[in-house]
Amino acid sequence: KCYEEANCTHIESQASDHSMLLLETQKDRKQRKKRFQFDKRWLQQSEVEEVVKKAWDIPCAGTRWFKVKEKIKNCRIELLKWSSSKKGNSSEKIKWCKSQIEEIKASNGDNKKQQVQDMKGQLKKAYEEEEAYWNQKSRLRWLKERDKNTQFFHATVKGTRKRNRLQNLRKESGEWTTNDEELGGEIAKYYVDLFKSTANGQLEEILTGIPITITEHMNKDLTKKVDEIEIKNAFFSMDPNKAPGSDGMSPLFFQKFWSLIKKDLVNAIQGFFHHGVI
């Protein structure tokens, strides 16, 4: 009965002639929307810089930070369109290359050996792209690039997701949350309470007993205007494959396209230090 009521899907394996059977017993479970993440495999294509440049140069009206937000949004949209047109899914490329090799071997055409050799070259590149994808998602910086550990990267991603997934939380009343909405509400409430001020603000007597250790020269250095070099150094000090922000862009995106986007970014960041508003 369980088998009849479940959604059944065969999962093809690249390394075996057997297929796993995936049973989905919760047919009505909502599918989560796939989150955008900048894919470092795109950097292997020469056209990607032009895609980002055109998207970033689309005119936007509004405050400095709103413009940056909209320009990043435009980059996401155009990169996804471009990626779809390139058919950049490396797992699909692997399947296609394998099928082409089999077709060439079974054919009676001339120059079969060279054609098979060419397709094997494409297959090797597709495997490298697949490895790079899972390497990026695993974010294991200690492993060297091009190590043949795609399966390990894949398993690491799944393990990290499982560990980081919050199933439920206990409320102050002692009850447990029952859905994602309640879970989010509890987290928000915790941080609202955490950052509420409870002090009376009478700190003058305490501060008079603390000796001054910041010199006038140090204070000038700390309060001087933030320049482009300082902002660039901050961006480039980040590990390029660190987890992306809510916009899906990892530090790698800002580092690789710095010359195209720095004017708006520097302008917005300097504005924040001047006005204190994002």
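**A tour centred on helix H7**

Begin by selecting helix H7 in this predicted model. At 1.5 Å a residue, the 15 residues of H7 should span 21 Å, and the C-alpha atoms at its ends are 21 Å apart, so the expected and computed spans agree. The expected value follows because the span is taken as 1.5 Å times one less than the number of residues.

Next, move to the start of H7 and display Asn 179 together with Glu 181. Here a side-chain oxygen of Asn 179 comes within 3.1 Å of the backbone nitrogen of Glu 181.

Then go to Leu 194, which belongs to H7, a helix covering residues 180-194. Is Leu 194 buried, partly exposed or exposed? Its relative accessibility is 44%, and Leu 194 therefore counts as partly exposed; that class lies between the limits of 20% for buried and 50% for exposed.

Keep Leu 194 selected and add Leu 166, Ile 187, Tyr 190, Tyr 191 and Phe 195. Together these residues make a nonpolar surface patch of about 630 Å².

Finally, clear the selection and view the whole chain. Colouring by secondary structure brings up 12 helices and 2 strands. Followed along the sequence, these elements run in the pattern α-β-β-α-α-α-α-α-α-α-α-α-α-α. With a surface displayed, the accessible area of the chain is about 21,300 Å², and carbon and sulfur atoms contribute 53% of that area. Of the 278 residues in the chain, 25% count as buried. Among contacts with a separation of 6 or more, 51% join residues 24 or more positions apart.

Terms used
Residues are numbered from 1 along each chain as its sequence is written. This is a predicted model: local features need pLDDT of at least 70, side-chain atom pairs count only at pLDDT 80 or more; totals for chains, interfaces and linings use all residues. Side-chain values use heavy atoms; hydrogens and water are left out. Patches are made of residues with over 30% relative accessible area and no salt bridge: like charges are joined within 9 Å, nonpolar side chains (Val, Leu, Ile, Met, Phe, Trp, Tyr) within 5 Å. Accessible areas come from the Shrake-Rupley method with a 1.4 Å probe; for residues, only the protein chains shown count as cover. A salt bridge is a side-chain nitrogen of Lys or Arg within 4 Å of a carboxyl oxygen of Asp or Glu. Helices (H or I, at least four residues) and strands (E, at least two) are DSSP runs, numbered from the N terminus. Buried means under 20% relative accessible area, exposed over 50%, partly exposed in between (1.4 Å probe, protein chains only). Contact means heavy atoms within 4.5 Å. A polar contact is a pair of N or O atoms within 3.5 Å; within protein, one must be able to donate a hydrogen and the other to accept it, and residues adjacent in sequence count only if both atoms are side-chain atoms.
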